[in-house]
Amino acid sequence: MRIPIMGQGVTLTELPNEIAVYFEVGNCKQKCKGCHSPQLWTTDLAEWLNIADMRKYIESQKGATAVLFMGGTTNWDIHPEDFLERIVKPLSKDYPIGLYHGDAPFMYARENLTWIKTGQYIECQGGLDSPTTNQRMYYKTPLNEWIDITKWFTRKETK
């Protein structure tokens, strides 16, 4: 299985207390108004990677402690169950995995995830840092309980 990767890198801000290798998956079907990454709506200029390619890239990023998938993880070419079974599950044996998912709570194979961000981006409500966001970020504790950690990202309103 190959998936369209539009960008990859390392982030210190997307997953709490982690140095995360991220993959931006193309062909996102959400197409949220005001999206900060509209380039993910297509596969133009995508590099189609398989699990071996991703693992090689992750391992080249010394110090990485987690992996994050953003963008079109439920796109026109990838069924969510296939993505989780063939990409996320094998990587989760070696790394905690975060998934940004635009639809309502992601119910497939949650046992292989450590973080899930849900909710389409709604421009007037803002992202996770906004006190009015509709988005939610969940973390799976070591006891396998999912807790809402959205407040860890939310800015306080200033008057």
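Strand S2 (residues 20-25) and strand S4 run parallel and are joined by six bridges, where strands are DSSP runs of E with at least two residues, numbered from the N terminus, and two strands pair if DSSP finds at least two bridges between them. This is a predicted model, in which local features need pLDDT of at least 70, side-chain atom pairs count only at pLDDT 80 or more, and totals for chains, interfaces and linings use all residues. Residues are numbered from 1 along each chain as its sequence is written, and side-chain values use heavy atoms, with hydrogens and water left out.

Along the pairing of S2 with S4, glutamate 24 has methionine 70 as its bridge partner in S4, while phenylalanine 23 stands opposite phenylalanine 69 in S4. S2 also pairs with strand S1 (residues 3-11), to which six bridges join it in the antiparallel sense; here valine 25 in S2 is the bridge partner of isoleucine 5.

Six of the six residues of S2 are buried, so this strand is largely enclosed by the rest of the structure; buried means under 20% relative accessible area, computed with a 1.4 Å probe on protein chains only. In a regular strand the side chains alternate between the two faces of the sheet. Both faces of S2 are covered, with Ala20, Tyr22 and Glu24 buried on one side and Val21, Phe23 and Val25 buried on the other.

Strand S4 (residues 66-71) is likewise largely enclosed by the rest of the structure, because five of its six residues are buried. S4 pairs in the parallel sense with strand S5 (residues 97-101) over three bridges, and in this pairing leucine 68 stands opposite glycine 98 in S5.

Notes
Buried means under 20% relative accessible area, exposed over 50%, partly exposed in between (1.4 Å probe, protein chains only). Helices (H or I, at least four residues) and strands (E, at least two) are DSSP runs, numbered from the N terminus.
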